[in-house]
Amino acid sequence: MNKPIEIVFIAVLLTGCSADHQSPPQEITAETACALDGMLLADYPGPKAQIHYDQDDPDFFCDTVEMFSIYTRPEQQKRIVAIYTQDMGKADWTKPQGHWIDAKTAFYVAYSRRMGSMGPTLGAFAREEDARAFVKEHGGEVLRFDQVTPAMTTLDGGVVHDERM
């Protein structure tokens with residue numbers, strides 16, 4: 001092979017590989033169901049999320065807590081290529097549609113009085129100013145993606161720590 005053709009061939013291969021890492025968010029339809037419990041996302045308030053893998057269809061979640069619960073599990077084996085959540089600075093909390101943002105760059109509000117589909121949730125915002133305004137109105141604490149811990153995203157509803165049972 002002559003050198004210019006080799007370089008073009010390698011460039012094409014590398015471009016093809018990097019295209020696999022680009023997975024745009026998908027819109028929620030009336031039939032989009034949560035990967036964990038089958039709930040229809042469109043029926044519930046609060047920010048939704050989606051995780052895209054290098055293989056298989058994306059998983060959708062009716063709540064950011066569910067998305068973090070899956071993402072932070074040590075047994076998570078699928079290679080994640082993208083994670084999206086909705087910008088609640090722009091989306092309507094009661095019926096969020098669109099306004100997808102990269103979940104890893106979002107600002108999250110934990111411990112607010114605002115409920116999601118599964119109860120307490122993590123509101124997601126593209127802009128820190130919007131997250132801080134939300135805190136002023138609904139309480140809570142602003143966190144970055146890497147500050148959300150597995151303990152904050154348990155799906156047991158506190159049952160594990162309920163000593164009355």
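Student: In the hairpin of β1 and β2, how many residues lie between the strands, and which residue takes a positive phi?
Tutor: Five residues lie between the two strands, and Asp56 takes a positive phi near 80 degrees. Keep in mind that this is a predicted model: local features need pLDDT of at least 70, side-chain atom pairs count only at pLDDT 80 or more, and totals for chains, interfaces and linings use all residues. Residues are numbered from 1 along each chain as its sequence is written, and side-chain values use heavy atoms, with hydrogens and water left out.

Student: What makes β1 a strand in the first place?
Tutor: Strands are DSSP runs of E with at least two residues, helices are runs of H or I with at least four, and both are numbered from the N terminus. By that rule the protein has three helices and nine strands, in the order α-β-β-α-β-β-β-β-β-β-α-β.

Student: How do you know that β1 and β2 are paired?
Tutor: Two strands pair if DSSP finds at least two bridges between them. β1 and β2 have three bridges, so they pass, and they run antiparallel. For instance, Ile51 stands opposite Asp59 in β2. On to β3: five bridges join β1 to β3, also antiparallel, with Gln50 partnered by Tyr84 and Ile51 by Ile83.

Student: What strand order does that four-strand sheet have, and why are β2 and β4 called edge strands?
Tutor: The order is β2-β1-β3-β4, an open sheet with antiparallel pairing. β2 and β4 each have a single partner strand, so one side of each is left without a neighbour in the sheet. Neighbouring strands here are turned by 25 degrees against each other on average, direction ignored.

Student: Why is Thr121 called buried?
Tutor: Buried means under 20% relative accessible area, exposed means over 50%, and partly exposed is in between (1.4 Å probe, protein chains only). Thr121 has 5%, so it counts as buried. Its place is in the loop between β7 and β8.

Student: What makes the link between Thr121 and Asp63 a polar contact?
Tutor: The rule asks for a pair of N or O atoms within 3.5 Å; within protein, one must be able to donate a hydrogen and the other to accept it, and residues adjacent in sequence count only if both atoms are side-chain atoms. Between the side chains of Thr121 and Asp63 the distance is 2.6 Å, so the cut-off is met. Asp63 also sits at the start of α2, where one of its side-chain oxygens reaches to within 2.8 Å of the backbone nitrogen of Val65.

Student: Why can we say that α2 is largely enclosed by the rest of the structure?
Tutor: Because seven of its eight residues are buried. They are Thr64, Val65, Glu66, Met67, Phe68, Ser69 and Ile70. Their cover includes β1, β2, β3, β5 and β7. β1 is mostly covered too, with five of its five residues buried: Ala49, Ile51 and Tyr53 point one way, Gln50 and His52 the other.

Student: What makes a group of residues a nonpolar core?
Tutor: A core is a set of buried Ala, Val, Leu, Ile, Met, Phe, Trp, Tyr and Cys residues joined through side-chain atoms within 4.5 Å. The largest has 28 residues, and those with the most contacts inside it are Ile51, Phe61, Met67, Phe68, Tyr108 and Leu122. β1, β2, α2, β3, β4 and β5 each give two or more residues, and α2 gives the most, with four. A second, separate core of nine residues includes Trp93, Phe107, Phe125 and Phe134. In soluble globular proteins, nonpolar side chains tend to be buried together.

Student: Which strands make up the three-strand sheet, and which helix packs on it?
Tutor: The order is β8-β5-β9, open and antiparallel. β8 and β9 each have a single partner strand, so they stand at the edges with one side free of a neighbour in the sheet. Three bridges join β5 to β8, and Val109 has Gly123 as its partner. Helix α3 packs on this sheet, touching β5, β8 and β9, and its direction makes about 10 degrees with that of β5. Touching rests on contact, meaning heavy atoms within 4.5 Å. The angle is taken between N-to-C directions on a scale from 0 to 180 degrees, with axes fitted as lines to C-alpha atoms, for helices over the stretch in contact.
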